[in-house]
Amino acid sequence: MRKTQPRRMPDTARNTSVLAFVACTLASPFSATAQEAPSAQERGPAAADAMLHALDVKYPNPYRAMESDEVKAVMDRVFKYLEATTPAELINKLSQAPVARLEKADPNVVLKPGDFRLNSYEWGVTYAGMLAAGAATGDSRYTDYTMKRHQLLAELTRLYLPAVKADPAGARAPIKSLLNPHALDDAGAMCMSFLHAKNLGSKVDYSQMLDICSKFVTETEYRLPDGTLARGGPDEKGKAKLRPLPNTLWLDDMYMGIPTIALMGKYTGDAKYYDDAVKQVLQFSRRMFNPQVGLYMHGYVEGMRDHPELHWARANGWAIMAMVEVLEVLPKTHKGYKAVEMQLRKHAAGLAHLQDKDGMWHQLLDRPDSYLESSATAIFAYAFARGVNRGYLDKEMYGTKANLAWNAVARQVNAKGEMASICVGTGMAFDPAFYYYRPISTRAAHGYGPLLLAGAEIIDMNRKYKFGLNDSGFMYQGAR
């Protein structure tokens with residue numbers, strides 16, 4: 001039987017097809033800066049796979065930069081959820097009756113319970129995120145959220161502080177941990193949010209709260225002999241605290257303490273705070289940063305010869321956020337500015353290398369069999385975008401990574417505004433099992449502030465720079 005030869009497309013038809021494809025490509029919204037496609041062959045049959053590179057790819061998360069209104073839509077869902085579930089209200093804990101106006105300190109009055117606490121370190125980050133969201137979107141609801149709750153905290157401080165000072169152990173107050181802090185978690189992130197709000201012109205009287213919190217961070221918190229903030233110092237009886245071991249550094253404390261120290265430099269004009277902030281960054285990094293992999297270990301114990309390097313994602317997030325905050329207020333003329341900026345760049349490079357294919361990062365950064373975690377991913381999206389916006393990081397390298405990280409985190413927010421895949425509060429451990437099996441929950445408060453910070457910074461970055469498809473890949477395409 002005679003074999004049927006495949007029908008060959010006439011040269012004119014084939015050339016017409018190629019020209020149509022080229023014309024279609026040039027008409028795309030990204031054509032202005034797209035690389036030129038290889039010229040079509042003039043003779044010979046078209047290869048069977050000649051157009052396969054142009055096939056539509058189904059990415060699980062958007063492979064593009066979100067428009068500002070898309071980003072804000074995600075943030076709005078989160079805002080509505082947080083507004084509804086973190087009431088700035090008081091109740092009587094015995095009768096559960098609302099307290100509309102409080103004239104004097106009442107030990108039975110408490111903050112109305114919600115999904116989250118209004119004076120926790122996680123909510124210090126959330127207040128900062130709300131302020132950033134308000135600035136980026138122009139939506140005053142975000143700013144008002146923070147101001148309303150700050151005002152309530154200031155009023156409670158005025159009423160309850162005398163009793164707490166008179167009897168620190170026995171006095172009862174709705175915000176006892178803020179009025180009598182025992183750890184950086186009680187004071188640092190909240191103080192940072194107060195200073196941010198003050199820099200934005202807030203009319204709230206922060207004087208008492210700033211006095212308590214800033215003094216705890218800068219003067220009271222335990223330090224190693226070289227001045228590095230640490231945990232596990234002596235207790236009131238002179239015995240070593242086990243937190244979990246004496247003279248322990250937690251990477252989390254870079255964020256819980258250092259931004260407040262740097263911001264106090266701006267607030268007071270005293271350069272000693274800038275000097276201390278730089279010293280903290282460099283001394284934490286000298287002990288805990290591995291330059292070979294570009295990551296920080298989570299925990300360090302002074303005097304130990306060996307440390308298991310467990311690179312917990314959110315702790316690395318707190319570290320890079322601390323450096324971003326320091327650089328925001330540290331004068332560029334300060335002798336330590338370049339050192340902090342270089343440390344940020346080294347850390348960002350290590351993190352960038354470990355971003356998962358769909359935009360997120362793993363609970364243990366360099367262990368891809370650990371779960372993908374959203375609070376750290378939001379922090380890295382924020383830090384990368386802020387680094388691009390401020391010029392610390394190359395926009396060509398980090399802009400798309402920040403966008404893809406945001407797109408991944410945005411997919412973690414459900415219709416109600418809850419955020420999935422957030423690791424719950426996590427102490428320090430020297431074994432991998434502890435980190436692998438930490439639970440996740442939408443009620444873990446650690447993700448919401450970073451998400452708002454990330455969304456605000458992504459909006460600013462994508463207004464400033466264009467990112468789009470360039471010869472199929474998602475790339476930087478120039479300033480807008």
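**Helix α7, a small sheet and some ring pairs**

Visitor: Which helices help to cover the buried residues of α7?
Guide: Helices (H or I, at least four residues) and strands (E, at least two) are DSSP runs, numbered from the N terminus. Buried means under 20% relative accessible area, exposed over 50%, partly exposed in between (1.4 Å probe, protein chains only). Contact means heavy atoms within 4.5 Å. The cover of the buried residues of α7 includes α4 (140-166), α5 (176-179), α6 (184-199), α8 (253-268) and α9 (271-288).

Visitor: What kind of model is this?
Guide: Residues are numbered from 1 along each chain as its sequence is written, and side-chain values use heavy atoms, with hydrogens and water left out. Local features need pLDDT of at least 70, side-chain atom pairs count only at pLDDT 80 or more, and totals for chains, interfaces and linings use all residues, as this is a predicted model.

Visitor: How far apart are the end C-alpha atoms of α7?
Guide: The expected span is 1.5 Å times one less than the number of residues. For the 14 residues of α7 (207-220), that gives 20 Å. The distance in the model agrees: 18 Å.

Visitor: In what order do the strands of the open sheet lie?
Guide: Two strands pair if DSSP finds at least two bridges between them. The edge strands, β2 (98-99) and β3 (109-111), each pair on one side only. Pairing is antiparallel, and the order is β2-β1-β3.

Visitor: Is N92 buried or exposed?
Guide: N92 lies in strand β1 (residues 90-92). N92 touches A97, V99, D106 and N108, leaving aside residues up to four places away in sequence. Its relative accessibility is 18%, so N92 counts as buried.

Visitor: What type of ring pair do Y81 and F116 form?
Guide: Rings of Phe, Tyr and Trp (its six-membered ring) pair if their centres lie within 6.5 Å; planes under 30 degrees apart count as stacked, over 60 as edge-to-face and the rest as tilted. There are 19 aromatic pairs in the structure. The centres of Y81 and F116 are 6.1 Å apart and their planes at 90 degrees, so the pair is edge-to-face.

Visitor: How many residues apart in sequence are the parts that this pair ties together?
Guide: Y81 lies in helix α2 (residues 68-85). F116 sits in the loop between β3 and α3 (121-137), so the pair ties together parts separated in sequence by 35 residues.

Visitor: Which ring lies under the charged end of R231?
Guide: A charge sits over a ring if NZ of Lys or CZ of Arg is within 6 Å of the ring centre and within 35 degrees of the ring normal. R231 is 3.9 Å from the centre of the ring of W250.
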